[in-house]
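Biologist: I should like to go through this structure with you, question by question. Please show it first.

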Amino acid sequence: MANNLQEKILEVKNLKTYFHTDAGVVKAVDGVNFDLKRGETLGIVGETGSGKSITALTILGLIPIPPGKVESGEIIFEGQDLLKCKISNLKHFRGNRISMIFQDPMTSLNPVFNIGNQLIEAIQAHQNLSKKQSYDKALELLDMVGISDRKKRMKSYPHEFSGGMRQRAMIAMAIANSPSILIADEPTTALDVTIQAQILELIDGLKKKTNSSVILITHDLGVIAKYAERVMVMYAGKPVEFASVNDIFYRPLHPYNLGLIGSVSKLNEEKKERLKPIKGTPPSLIDLPKGCTFALRCKFAIKPCWDSFPPTIEEEQNHFVACFRAKEFLNGSLKRE
Amino acid sequence: MFYYILKRILQIVPVIIGITILLFVLMYIIPEDPAKLILEKGATPQALQNLREKMGTDKPVYVQYWRYVKQLAQGDLGTSYRYRRSVNSILAEHYPNSIKLAFAAIFIESILGIFAGIISAVRKYSFLDVLVTISTTILVCIPVYWLGMLMQIGFGLKLGWLPMSGMGDGSIKYYILPALTLASVSTAFVARITRSTMLDVMTNDYIRTAYAKGLSNNSVIYKHALKNAMIPVITYIGIDLGTLMGGAILTETIFAWPGIGRTIYLAILQRDAPVVIGGTIVLVLIFVFVNLIVDIIYAILDPRIRLEGGSGVNV
């Protein structure tokens, strides 16, 4: 595959982020491995609480410590382990080489500073520009994200913007220093459907224009199908399947992923079928069962599933799965139904 | 912004009408004959009656009220029964002293309180935080008059560093003890409010955004967090300024500070109605005015408040 030749810009190895709370240790991210190539969009899917956002926040060192703690792992970015980087040095990466767009644009902008101020601040944090230059650069950024009437908008406060415009402003701040990685943490969850498509198109367009990489975190499989090139499916803090977007949708090998796809409505099928929700709820991350975290909800579970968590195996080329029964799905001896 | 301020100023009018009626009725209820207060004991009934007629105190209350309001509209607060001087001149003499003391106290509580609050929020659970928590608890619990006397004994009598009472020549050393006493409880409150709002603000999404932009810790704390956290603190300080300008009866009495609090206190003891009513009206006006200023500062700090009556939301 062509992707293999591309340079790995980010590598996350065996990342574990735990939260030490009064109720116990919450294993929010428990052994995540992935890599990101230059110019690609990597999707991370999973239910609420599966560790998608915490994975992203850990990369930028934005986990509140305490109660959070990175227990182990490596985050190699441009040859440097970000986890070994001092917090005070991390700020040179944040917003500069790696930027992040957050889920809720309503609360992610500071209500007491105008947009121009917050935008110029993002520019001046990393570039040595004069006031005038920063102002011009800010205007340019607003143009790039499709905000019109820019001089007036610079003076506007976040509450004077609609949700979509706030997210555009957030994106403008995120791309202010031409980062090599843009992490979009459910960028459209809080927006209405018509705006969602615009925002995603905007992110995709900017990615192509600047040849940067995007980590797209979402629970919307439709978004993943359209924009992601490779996908990591997470469940209860662990990656369960990691493959190209085609393999994820057309050759799913993990029962959880099967369940996710089964619970999405398909408009093009002639036979109308009922949606099949995944039964049960995700386990509490405090007392995880000994075996596979999905076993409780899995209709394919067999005895080994209850004893240990299955190792992640490359079942096909570039198709990683953590399931004891993946091989049976693959050779067809087990029906996916 | 202009409409906002105009609206707030217009709201003051009914407050003033209400307060004059209330005060006038209250003082009228007190069964004390002003004529007897003014004339020597043993004055003839005829002399008393003449004076009542001259002052109009024999008229029904609404007539007296109307007369007072007409006077008030011309800026005349009447004449003191005791001192035979215009209330205006009495207040003009004493009030500046109270204001000076109030500002000294506000200065102390803003600087000390906000600083201590920030330190204890930024270094949560550290030794300094515990120190601030304990000392603010103690400050809130100590009665003002006791703290004042302790400081008089300690710094005034034993150590002899600072004057014990009075205003002397009005130099700073006379201000230190009364201002510290007056500011003690408020300083503790300001520190507490600053700490809790700072901690609260620091959990907001926009703080995470600020860190994600790569801003330094100081920039996040002192720019993004502090401006948001200051909103409740400034409200408190503003209300406190209004309260302090209403004269600090306890502090002014302990330190023999020639301010308005002590003046009104003495006037109440002497049933000197014009001084009590006039003094109180001035205090209410000041209080309302300070609150107006606070609300304007508020609107400057928090752009969302400016919306009312201003431009709408741009979508």
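Biologist: Is B:Pro96 buried, partly exposed or exposed?

Modeller: The model is a predicted one, and B:Pro96 is found in helix 6 (residues 87-122) of chain B. A residue counts as buried if 20 or more other C-beta atoms lie within 10 Å of its own, and as exposed if 12 or fewer do. Because B:Pro96 has 14 other C-beta atoms within 10 Å, the class that applies is partly exposed.

Biologist: What separates the C-alpha atoms of B:Pro96 and B:Ala212?

Modeller: Along the chain, B:Pro96 and B:Ala212 are 116 residues apart. In space, the separation of their C-alpha atoms is 50 Å.

Biologist: Which element gives the largest share of the side of chain B that touches chain A?

Modeller: The contact takes 26 residues from chain A and 22 residues from chain B. On the side of chain B, the elements that give two or more residues are helix 10 (205-212) and helix 11 (217-245) of chain B. The largest share, seven residues, comes from helix 10 of chain B.

Biologist: How many residues of each class are on the side of chain B that touches chain A?

Modeller: Chain B gives 22 residues to the contact. By class, this side of chain B has six charged, seven polar and nine nonpolar residues.

Biologist: What radius of gyration does chain A have, beside that of a compact globule?

Modeller: The C-alpha trace of chain A spans about 65 × 50 × 45 Å along its principal axes. Buried residues make up 46% of the 337 residues in chain A. A compact globule with 337 residues would have a radius of gyration near 20 Å, which agrees with the value for chain A, 21 Å.

Biologist: What share of the contacts in chain A with a separation of 6 or more comes from residues 24 or more positions apart?

Modeller: Chain A holds 14 helices and twelve strands. Among its contacts with a separation of 6 or more, the share from residues 24 or more positions apart is 63%.

Biologist: Which strands stand at the edges of the four-stranded open sheet in chain A, and why is one side of each left without a neighbour?

Modeller: The order of this sheet is 2-1-4-5, and the pairing is antiparallel. At one place in the sheet, strand 4 (residues 68-77) of chain A pairs with strand 5 of chain A over two bridges, and A:Ile76 stands opposite A:Asp81. Each edge strand has a single partner strand, so one side is left without a neighbour in the sheet; the two are strand 2 (24-37) and strand 5 (80-81) of chain A.

Biologist: Which strands does helix 2 (residues 52-59) of chain A touch as it packs on that sheet?

Modeller: The direction of helix 2 of chain A makes about 70° with that of strand 2 of chain A. The strands touched are strand 1 (8-21), strand 2 and strand 4 of chain A.

Biologist: Which are the edge strands of the eight-stranded open sheet in chain A?

Modeller: This sheet has the order 6-7-8-3-9-10-12-11, with mixed pairing. Its twist averages 20° from one strand to the next. Pairing on one side only marks the edge strands, strand 6 (98-101) and strand 11 (313-316) of chain A.

Biologist: How many residues of strand 8 of chain A are buried?

Modeller: Strand 8 (residues 213-218) of chain A pairs in the parallel sense with strand 7 (residues 181-185) of chain A over five bridges, and strand 3 of chain A also pairs with strand 8 in the parallel sense over five bridges. Both faces of strand 8 are covered: A:Ser213, A:Ile215 and A:Ile217 are buried on one side, and A:Val214, A:Leu216 and A:Thr218 on the other. The number of buried residues is six of six.

Biologist: Through which helix does the chain cross from strand 7 to strand 8 of chain A, and what is the hand of this crossover?

Modeller: Among the bridges between strand 7 and strand 8, A:Ile183 has A:Ile215 as its partner, and A:Ile181 stands opposite A:Ser213. The helix on this path lies across strand 3 (41-45), strand 7 and strand 8 of chain A, at about 170° to strand 7. The connection is a β-α-β crossover through helix 9 of chain A, and its hand is right-handed.

Terms used:
Residues are numbered from 1 along each chain as its sequence is written. Chains are lettered from A and ligands numbered from 1 in the order in which they are written. This is a predicted model: local features need pLDDT of at least 70, side-chain atom pairs count only at pLDDT 80 or more; totals for chains, interfaces and linings use all residues. The radius of gyration is taken over C-alpha atoms; the globule rule is 2.2 Å times the number of residues to the power 0.38. Two residues are in contact if their C-beta atoms, placed from the backbone, lie within 7 Å. Ala, Val, Leu, Ile, Met, Phe, Trp, Tyr, Cys and Pro count as nonpolar, Asp, Glu, Lys and Arg as charged, and the others, Gly among them, as polar. Two strands pair if DSSP finds at least two bridges between them. Axes are lines fitted to C-alpha atoms, for helices over the stretch in contact, and angles run from 0 to 180 degrees between N-to-C directions. A crossover is right-handed if, with the strands pointing away from the viewer, the path from the first strand over the helix to the second runs clockwise.
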